[in-house]
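Okay, thanks for making time for this one. I'll put the structure up and then walk you through the parts I'd like us to look at together.

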Amino acid sequence: MARIILENWLVRIRWHVTCLGTIGKTGAGLLVLTLVFFMAAVLPQQQTLKELKNRVQTVQQQEQPDSVRQAGLSDSQALQVFYDFLPRSDSSPYWISELDRIARDSSVELNSSDYRLTMEKESKLIRYEIQLPLRGTYPQIRAFLAEALQAMPTLALADIAIKRETVQTGRVEARLNMYLYLNDY
């Protein structure tokens, strides 16, 4: 009985396919290929997407300080947590000497540097604008920059200009413009 029903369906499908014509057969073939692609490629990736979204959410929750994770933190309290993260303004000599140490460790030549203090009105932030002229190889300057940004989390690179006299010389001259953000208690 089931065999007869299956043969009936196959005869009907053949008849409908012959009625479609060339364009209809092409469209039906594309529809079948689309369904196969959707089932083979898109559906399995939806699970991967859900897992990645869960991992991102977990990492974001872990990176937040405990005080921010607590429910009921007002905007002013969250701002105070941010200010507390910043080093105090009286620690600026330490951070400047830290830049000199990193330059020595990276084997770059640090010429005279320029520091300018900027204070914003009605703000607890102090910004040191630092201009560093450096000489060294490109990898040395990159190593200096990477280590400085890693060691000083409130340091930001604003601008960099690199110049090399000739192609044959391995040393380059770089001018870094950086900002060091501090808390003005």
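**A walk from loop to helix to strand**

Let's start with Ser107, which sits in the loop between helix 4 and strand 1 (109–110). Before I go on, please keep in mind that this is a predicted model. So what is going on with the backbone at Ser107? Its phi is near 60 degrees, a positive value in a residue other than glycine. As background, most residues other than glycine have a negative phi. As for exposure, Ser107 has a relative accessible area of 47%, so we call Ser107 partly exposed.

Okay, now to helix 4 itself. It runs over residues 92–105, and it packs with helix 5, residues 138–151. The angle between the two is about 145 degrees, and their axes are 9 Å apart. Helix 4 passes helix 5 in a right-handed crossing.

Who is touching whom there? On the helix 4 side you have Trp95, Glu98, Leu99, Arg101, Ile102, Ala103 and Asp105, and they meet Phe144, Glu147, Ala148 and Ala151 in helix 5.

You'll have spotted some charged names in that list, so let's follow them. Side chains of opposite charge can pair when their charged atoms come close. Here, the side chains of Arg101 and Glu147 form a salt bridge, at 3.8 Å from N to O. That pair links distant parts of the chain, with Arg101 in helix 4, Glu147 in helix 5, and their positions 46 residues apart. Are these two residues buried or exposed? Arg101 has 27% relative accessibility, so it counts as partly exposed. Glu147 is at 30%, so that one also counts as partly exposed.

The pair isn't on its own, either: Glu98, Arg101, Asp105 and Glu147 are linked in a network of salt bridges. Let me stay with Glu98 for a second, because its relative accessible area is 11%, and under 20% is what we call buried. Glu98 lies in helix 4, and if you leave aside neighbours within four places in sequence, Glu98 is in contact with Ala151 and Met152.

How many salt bridges does a search of the whole structure find? The answer is 11. Let me show you two others from the strand side and beyond.

One of them joins the side chains of Glu129 and Arg116, at 3.0 Å from N to O. Glu129 lies in strand 3, residues 125–137, and Arg116 in strand 2, residues 114–119, so this salt bridge ties together parts that are 13 residues apart in sequence. The two partners come out in separate accessibility classes. Glu129 has a relative accessible area of 19%, so it is buried, while Arg116 has 44% relative accessibility and therefore counts as partly exposed.

The other one is between the side chains of Lys163 and Glu165, at 4.0 Å from N to O. Lys163 is partly exposed because its relative accessibility is 48%, and Glu165 is exposed because its relative accessible area is 59%.

Lys163 also takes us to our next stop, since it is among the contacts of Val172. Val172 lies in strand 5, residues 171–183. Its relative accessibility is 7%, so Val172 counts as buried. What is around it? Leaving aside neighbours within four places in sequence, the contacts of Val172 are Leu134, Arg135, Gly136, Thr137, Tyr138, Ile141, Ile162, Lys163 and Arg164. Take Thr137 from that list: it is 35 residues from Val172 along the chain, and their C-alpha atoms are separated by 5.7 Å.

Asn183 is in strand 5 too. It is buried, because its relative accessible area is 1%. Again leaving aside neighbours within four places in sequence, Asn183 is in contact with Tyr83, Asp84, Leu86, Pro87, Arg88, Ser89 and Lys124.

Last stop, the surface. Which residues make the nonpolar surface patch of about 840 Å²? They are Met1, Ile5, Leu6, Trp9, Leu10, Ile13, Val17 and Leu20. Let me pick out Ile13, which lies in helix 1, residues 2–63. At 46% relative accessibility, Ile13 counts as partly exposed, because that value falls between the cut-offs of 20% and 50%.

That's my tour, so over to you for questions.

Technical notes. Residues are numbered from 1 along each chain as its sequence is written. This is a predicted model: local features need pLDDT of at least 70, side-chain atom pairs count only at pLDDT 80 or more; totals for chains, interfaces and linings use all residues. Side-chain values use heavy atoms; hydrogens and water are left out. Patches are made of residues with over 30% relative accessible area and no salt bridge: like charges are joined within 9 Å, nonpolar side chains (Val, Leu, Ile, Met, Phe, Trp, Tyr) within 5 Å. Accessible areas come from the Shrake-Rupley method with a 1.4 Å probe; for residues, only the protein chains shown count as cover. Helices (H or I, at least four residues) and strands (E, at least two) are DSSP runs, numbered from the N terminus. Buried means under 20% relative accessible area, exposed over 50%, partly exposed in between (1.4 Å probe, protein chains only). Axes are lines fitted to C-alpha atoms, for helices over the stretch in contact, and angles run from 0 to 180 degrees between N-to-C directions. A crossing is left-handed if the near helix is turned anticlockwise from the far one by less than a right angle, and right-handed if clockwise. Contact means heavy atoms within 4.5 Å.
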